[in-house]
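Please open the structure in your viewer and keep the selection panel at hand. The tour below proceeds from one selection to the next.

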Amino acid sequence: MSVLVAVTGWDVAHWVERFQRLLPGRTVVALGGDYDPASIHYAVSWKHPAGSLSQLPNLKAIFSLGAGVDHLLNDPHLPDVPVTRVVDADLTARMSEYVVMHALMVLRQQRRYQKQQAQTLWLDDRDQPAAQDVRVGVMGLGVLGRDALHKLKVMGFSVSGWSRSAHHIDGVTCFSGEDGLKPFLAQTDILVVLLPLTPDTKGMINKDVLKGLAQDGALQKPVLINAGRGGLQNEVDILACLEDGSLGEAILDVFETEPLPAASPLWTHPCVVVSPHNAAMSAPDAIGQLVARQIGRMEQGQPLLHLVEMKRGY
Ligand code: NDP
Ligand code: OXD
């Protein structure tokens, strides 16, 4: 029973080596290598080329190497087998670090002090809002959104969240659905996007959403942090809102086109912070252990963990 590693954009040899170490007794092969398609029972995927998993007659399951699965569901020839995604403490912790770090950088105006340092400028600046006066709203109350909210709350921020279905989380003001969106945005100073990319969420971070954010908060202008997916955001609208002053800063880990093209004005905009889609990377050892556990479960007749609901797209 072989395991096929089907990744693009990542170092495939590294992943094959790690999986081979964590799955002793199995053959781990890379897509495009020399193997009998009938020997493949499991595939692990990160952005596999569309159609490349369709000729595996004995495939039993596909394991996404990321928490998001839009990269898989885009494939019109995806085999009809169970698909699971990553839910992993290491990945979750990394994402919350990213969110909390940027929320604190905004709160403590760290980028302004960096500019002042470069100018050897010492200003006696007492204008620091308290964390409790800054309202952080998280879109997406799943595994990542909940953990980020918990840690933002520990730092003292006032927190709220928005999701498709209604949630109740201690100490978090929860909004849901279309009706809940406007009121959620209107009381948000820092918008954190941790949504999956689905047909429903595509392009939703547009000028209507950005202009709906609180304009009267302690930060003066609202801030966007998107670590969900680039396909959620309209980059023309983000730039327009930064230009007209309805948005103060955009902190982006994900982009409509990745890698972000050299010609994108986002690279050099003074109010944009760019990171290369690594807010929460999938660490091969942690993810390999999860896949090994999933295969063990499947072979013992136990249900797979973290199954993707194909119809809803996440
Ligand atoms: P989950 O599936 O656990 O949570 C998804 C959340 O989004 C749920 O609360 C869900 O609502 C909500 N949601 C989905 N569709 C809608 C909608 N149409 N309207 C409102 N809310 C909606 O996902 P995770 O928290 O594990 O991950 C979230 C995303 O983060 C991933 O899909 C991926 O795209 C991204 N990611 C990015 C990484 C990076 O490095 N930048 C790393 C890892 C993940 P409900 O609760 O009602 O179902
Ligand atoms: C993921 C990612 O979905 O890294 O896990 O983007």
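## Ligand 2 and its surroundings

Begin by selecting ligand 2 together with the residues around it: W46, G66, A67, G68, L91, R229, H277 and A280. Please bear in mind throughout that the model is predicted. Colour this shell by residue class, and it divides into 4 nonpolar, 3 polar and 1 charged.

Next, display the polar atoms around ligand 2. Which side chains place an N or O atom beside an oxygen atom of ligand 2? One belongs to R229, where the distance is 2.7 Å. Another belongs to H277, where the distance is 2.6 Å. The backbone also takes part: an N or O atom of the G68 main chain lies 2.8 Å from an oxygen atom of ligand 2. Now show the surface of the protein. Of the 210 Å² of accessible area that ligand 2 has on its own, the protein covers 90%.

## From R229 to the two domains

Keep R229 selected and add D70. The side chains of these two residues meet in a salt bridge, with 2.9 Å from N to O. R229 therefore deserves a second look, since domain 2 comprises residues 89-274, while D70 falls in domain 1, which comprises 2-88 together with 282-299. Colour the two domains separately. How many salt bridges are counted between domain 1 and domain 2? The count is 1 salt bridge.

Then select the residues where the domains touch. Here 12 residues of domain 1 are in contact with 9 residues of domain 2. On the side of domain 1 that touches domain 2, there are 6 nonpolar, 2 polar and 4 charged residues. Across this interface, 4 residue pairs are in polar contact.

The size of an interface is often expressed as the accessible area that is lost when the parts come together. For domain 1 and domain 2, the area buried between them is about 770 Å², with 51% of it on carbon and sulfur atoms. Zoom out to view both domains; their C-alpha centres lie 32 Å apart.

## Ligand 1

Finally, select ligand 1 and its surroundings. The shell holds 30 residues, and the closest are R85, L141, S165, H167 and Y314.

Which backbone atoms should be displayed here? Three stops are suggested below.

- G142: a backbone N or O atom lies 3.1 Å from an oxygen atom of ligand 1.
- R164: a backbone N or O atom lies 2.9 Å from a nitrogen atom of ligand 1.
- A227: a backbone N or O atom lies 2.9 Å from a nitrogen atom of ligand 1.

To end the tour, show the protein surface around this ligand. On its own, ligand 1 has 940 Å² of accessible area, and the protein covers 92% of it.

Methods. Residues numbered from 1 in each chain as written. Chains lettered and ligands numbered in written order. Predicted model: local features only at pLDDT ≥ 70, side-chain atom pairs only at ≥ 80, totals over all residues. Heavy atoms only, no water. Contact = heavy atoms within 4.5 Å. Buried area = accessible area lost by both parts, 1.4 Å probe. Salt bridge = Lys/Arg side-chain N within 4 Å of Asp/Glu carboxyl O. Polar contact = N/O pair within 3.5 Å; in protein donor to acceptor, adjacent residues only side chain to side chain. Nonpolar A, V, L, I, M, F, W, Y, C, P; charged D, E, K, R; others polar. Near = heavy atom within 4 Å. Areas by Shrake-Rupley, 256 points an atom, 1.4 Å probe, with all protein chains shown as cover.
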